[in-house]
Amino acid sequence: MSDPKNREYEPEAPTLVVEKGLSLPPSAGAGPAPGQRAPAPAGTSNQQGISSDPPTAASNVAAGRHTGDETLPPGAAFHLAPDSTLMQPGTVFATRYEILATLGRGGMGAVYKAKDLELEREVALKVVRPELGNDPEILQRFKQELILARQVTDRNIIRIFDLGESGGVKFITMEYIEGQNLHQILFQRGKLEITEAVEIMEQVAGGLAAAHREGIIHRDLKPGNIMRDPHGRVVVMDFGLARTTAGDGMTRPGAMMGTLEYMSPEQAQGKDLKASSDIFSVGLILYELLAGVTPFHAESAIASLVMRTQQRAVPLSDVDKNIPGILSNIVAKCLEKDPARRYQTAEELRSDLRAWQGRTQIPSPSSRLLIGRVRELPWKGIVLAAILVVALAAGLAWYLNRQHQAAQSVNHAPVSILVADFANHTGDPLLDNTLEPMLNLGLEGASFINAYSRGDARKLAQKLSNHTDKLDEQTARLVAVNQGINAVITGQIDLRGSEYDISAQALDTVSGKVLAKSHVTVGNKQDILASLPKLTAPIRKALGDTTPASVQFGEVSGGFAAASLEAVHQDALGGELQFAGKFQEAFDRFQKAAQLDPKFARAYTGMAAMAQNLGRSQDAVNYMNLAMEHVDRMTDRERYRNRGLYYLTTGDWQHCVQEYTQLVTHYPADRVGQNNLATCYTQVRNAPKAVEAAQHAVAIVPKGVGPRLNLAFISAFAGDFVASEREARAAIAINPSAWPAFLTLAESQFGQGKIDKAAEAYHQLEPFGPAAASIANDGLADLAAYQGRYADAARILTEGAVTATAAKMTDNAARKYAALANIEAIRGNRAAALAVLDKALANSQSTQIQFLAARTCIDVGDLPKAQKLAATLSSSLTSESQAYGKILEGLIALKHKNPTEAVRQITAANSLLDTWIGHFDLGRAYLDADAFPQADSEFEQCVMRRGEAIELFMDNVPTYAWFPPVYYYQGRVREGMKSDGFADFYKTYLGIRGQSPEDPLVPEVRRRAGL
């Protein structure tokens, strides 16, 4: 291959749609010379049944940075758009998108980097040329790209946001990714290192596995449709030719669609396709990444395609002797001519790639075939055969050794450790409690090690030993025995001349036996951090870690990179203040750490956590964005944790589940991962999975208050109020000062109908400070509204809102005003409801506030304002906000007496996020449409999932007052169905609110029940 540095940028071959049986002009098949990637063919037109989508350099780099001139060279197989059609930087398109740069352009249109002025984010904007805007096939494929890509929520699949039209121009907005596609990378480098290539394609396989699970086949995989960002994230893009396994409704029988150079044999023959067709394309790409050449060289793309249908690829290990035989066999299995002999799922392929890397315990069932298969080789003498046998044996030994290491790591029983305070004999306060949090990082590089929270340990130490929070050896062991922790890590720091000696030892908690000792010496204080991985390696080994020390250093090195020890010290002080409940002071320390080292990721995550605790949600998102800019400064475990925290903070719950699932897969003993995974499962309304993860977290730390509290709440969310009360009481027994336990206790008692007990538990929150008292206020107001005591609820909320505003708890105040507005609407006070709504929105623009405000606007007839709020939510990034936007559209349609449209909108909302309120509103829509069986089903869902009504938004604000109307609507549904027992539902409603003279429904319910 010629030196890529001396070649001009070459656009990749275009995507083709070719009818079976139509001939291609010779120029359309012009392919690369053997071993080279040539420019896309010129002269391709639609006259021979070929239509060209924008090529990779234009359409698929939409999510990244174009690396050549914005105008592609004349050899590209599409018509260049006239300059007059391009929008210039600074142009505002569709009153919302400011054009920042042109990323690419082609025959169908152009792609721009743009700023979404409403959501303050960068996006890629893909537009269709106006003269093509009436072509139904082009528009359908354009729409299909949005529909199919949005069905898949995976970090390795491009995220597409919306489809729109402005001034007759159709457009799509999608995730903007700074990076390069594989075509560009190959052009620059020729081929990739083996480990790098496998890592890239393992991520591709992961994204495809998610798509295939949704029944979606990509059909146009090629290097130009795969992007990698600077942090190593790999994304599969361009679903314009994708189809579902049920068909796309567009592809004609016998049609060949895709890119000639990367088609599977059956795709070229126009046959029905399965997931195995995409896997063939993956094999072609991985072959090219590893070897720098394509596996089927020919004088033209058509000739290459014919070879694929008749021949087997030359084994990779023959092309490059440095490529291990096992990896060569994995690629060969992808490239089998017979689809039945390939991997049948992308997950199976991904499993084998991970096994080859030594990152999973068990390879796919077909791995034994890959390891043991001996392909036919030309006879070149006994010496060559012997060499091959030795190479195969060496490869097998290497593979089994990596598998053994991975299996030991994954199967090792969890080991919990507590890092005590190191004795600082240097006299330098900068080293007080500075190294210990970093030692936690190093030790947790082993997947089975779980470091106990030093902050929680200090709180326990105050109770267990003379009210001191110092974690010396004796106190640390006392805490460890109390909490069932396996080992305590102690140590000291000494200054000898100009050198620093740091020693550590691991002690068995119960016996005090020394399990391991470790020691490092450094000549400069600023080099102490870099030495810590060497300090932790012997301890990890003694605790059962088989990872080689050299690999350990690579795993954790990023997390120990800091510009100054002072930054780490400030970060450690912030952690201490955080666990002391001094959130603002902790924030100030984390901020100081970030100022000392602007690339210190841990400082930003600390700021984000504190901002969240202080009720500044948007600030928390901003700080997490800053943290993720420095992902290379994190350990492997931190990366998973922080990406999960990023998605948790931004409310991207699907990705939150995926990221924390990855964390607990690699680090099953991670209490943070299991605990937060449970939270994220709760947000996607998957109660069984949420309970399972929460139980795992409790099993890891049986006496940990946090995991126990989470399990208590999630049990209530799952409708098991008895279990919720049991877990809440267990949390209180462990730590009576854990005030959130009283909130969950109240909610669990509320769900069991113990109204007086619930009120008592809410009052028990009040002495714990302003935040807890504010939540108690919400709970007591919710109790009053649940019983139909609306005047009491309004009084409680008004007082609470004034207090929250004075304390500058704006989010708390907003929730109270939003709830108060709903109460005023129920009482028929339209003007008061709208006035209070303005206060709610002035305090917060959160998803919950906008959703609740819009519902009240609909109830009191302010539909323009409701429509505006619905549009804002629908255009948001998260599926939750989009779902709420569609629910509002449905309620607006219901207000306009259009129940059919309401059903359509709310059904779409529930497909985005399966919420309790979505089922409640869908039941109302079906009821208005006289679709009684469907309505009955929805309201039964509401009763079965009543636990979710305890906190509709899972934000510590009780909302059970939304539940009683279910019985009213069930009564109406059964009455419409002429069911004999319809009155029972009305009586149940009256059992809750029948004593209320304020509830406008009570007279109607009595009349309908015949009472």
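The following legends describe close-up views of a predicted model.

**View 1. Helix α30 and its buried side.** Helix α30 is formed by residues 790-806, and because its 17 residues should span 24 Å at 1.5 Å a residue, the distance of 24 Å between its end C-alpha atoms agrees with what is expected. The buried residues of this helix are Y790, A793, A794, I796, L797, G800, A801 and A804. These buried residues cover an arc of only 165° around the axis, which means that they lie on the same side of α30. On the face of α30 turned away from that buried side are the exposed residues T803 and A806.

**View 2. The surroundings of helix α30.** The buried residues of α30 pack against three helices, namely α29 (770-786), α31 (810-826) and α40 (982-993). Just after α30, the chain passes through K808, which takes a positive phi of about 60°.

**View 3. The salt bridge between R155 and E659.** Side chains of opposite charge can pair when their charged atoms come close. R155 and E659 form such a salt bridge, with their closest N and O atoms 3.6 Å apart. The pair links distant parts of the chain, since R155 is in the loop between α1 (136-150) and β7 (160-166) while E659 is in helix α22 (residues 653-666), 504 residues apart. R155 counts as buried because its relative accessibility is 18%, and E659 likewise counts as buried, at 1% relative accessibility.

**View 4. The salt bridge between D955 and R815.** In this pair, the closest N and O atoms of D955 and R815 are 2.2 Å apart. D955 lies in the loop between α38 (932-944) and α39 (965-976), whereas R815 lies in helix α31, so the salt bridge ties together parts that are 140 residues apart in sequence. With a relative accessibility of 25%, D955 counts as partly exposed, whereas R815, at 9% relative accessibility, counts as buried.

**View 5. A salt bridge within helix α37.** The side chains of R924 and D921 meet in a salt bridge, at 3.1 Å from N to O. Both residues belong to helix α37 (residues 916-928), and because they are three residues apart there, about one helical turn separates them. R924 is buried, with a relative accessible area of 19%, and D921 also counts as buried, at 0% relative accessibility.

**View 6. A network of salt bridges.** In this view, E202, R213, E347, R350 and R354 are linked to one another in a network of salt bridges. The structure as a whole holds 55 salt bridges.

Definitions and conventions. Residues are numbered from 1 along each chain as its sequence is written. This is a predicted model: local features need pLDDT of at least 70, side-chain atom pairs count only at pLDDT 80 or more; totals for chains, interfaces and linings use all residues. Side-chain values use heavy atoms; hydrogens and water are left out. Helices (H or I, at least four residues) and strands (E, at least two) are DSSP runs, numbered from the N terminus. The expected span of a helix is 1.5 Å times one less than its number of residues. Buried means under 20% relative accessible area, exposed over 50%, partly exposed in between (1.4 Å probe, protein chains only). The arc is that of the directions from the helix axis to the C-beta atoms. Contact means heavy atoms within 4.5 Å. A salt bridge is a side-chain nitrogen of Lys or Arg within 4 Å of a carboxyl oxygen of Asp or Glu.
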